Amino acid sequence: MKELFPKQHVMGFGFSLLLTIVALAVVKFDMSANMALGILLVTAIAQATVQLVLFMHIGESEDKKTLYITILYAVFVGVVTILGTLFAMIWGYN
């Protein structure tokens, strides 16, 4: 029965909840912008790592090259989307 209990998944879920609570606390309390950005950046990277390793099983694939290329492509698409949105909405594209 011990093999059937997803211990790592439960621990990952708990850690994800903790990181979410930390990010919420940063937003809730009035912190300086630099400190808040630093804490949020660290929690975001930790959250992404937990999700990739524990829930998406990134280390268990045999074809690691394709997996990492796919992740880099997803990051690229995200960055282009964010910068395009900032360009269109804030930086005055007409």
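What percentage of the 94 residues of the protein chain count as buried? Keep the whole chain selected while you look for the answer, and bear in mind that the model is predicted: of those 94 residues, 10% count as buried.

Begin with the overall fold, in a cartoon view. The protein chain contains three helices and zero strands, and a reading along the sequence gives the pattern α-α-α.

Next, turn the C-alpha trace so that its principal axes lie along the screen; along them the trace spans about 60 × 40 × 15 Å. The radius of gyration of the protein chain is 18 Å, whereas a compact globule of 94 residues would have one near 12 Å. If you then display contacts and keep those with a separation of 6 or more, residues 24 or more positions apart account for 50% of them.

Now switch to a surface view of the complete chain. The accessible surface comes to about 8000 Å², and carbon and sulfur atoms hold 75% of that area.

With the surface still shown, select V75, V79, L83, F87, M89, I90 and W91, which form a nonpolar patch on the surface and together have about 770 Å² of accessible area.

Finally, narrow the selection to one member of this patch, M89. In the cartoon, M89 is found in helix α3, which covers residues 64-89. Is M89 buried or exposed? M89 is exposed, because its relative accessible area is 68% and the exposed class begins over 50%.

Terms used. Residues are numbered from 1 along each chain as its sequence is written. This is a predicted model: local features need pLDDT of at least 70, side-chain atom pairs count only at pLDDT 80 or more; totals for chains, interfaces and linings use all residues. Side-chain values use heavy atoms; hydrogens and water are left out. Patches are made of residues with over 30% relative accessible area and no salt bridge: like charges are joined within 9 Å, nonpolar side chains (Val, Leu, Ile, Met, Phe, Trp, Tyr) within 5 Å. Accessible areas come from the Shrake-Rupley method with a 1.4 Å probe; for residues, only the protein chains shown count as cover. A salt bridge is a side-chain nitrogen of Lys or Arg within 4 Å of a carboxyl oxygen of Asp or Glu. Helices (H or I, at least four residues) and strands (E, at least two) are DSSP runs, numbered from the N terminus. Buried means under 20% relative accessible area, exposed over 50%, partly exposed in between (1.4 Å probe, protein chains only). The radius of gyration is taken over C-alpha atoms; the globule rule is 2.2 Å times the number of residues to the power 0.38. Contact means heavy atoms within 4.5 Å.
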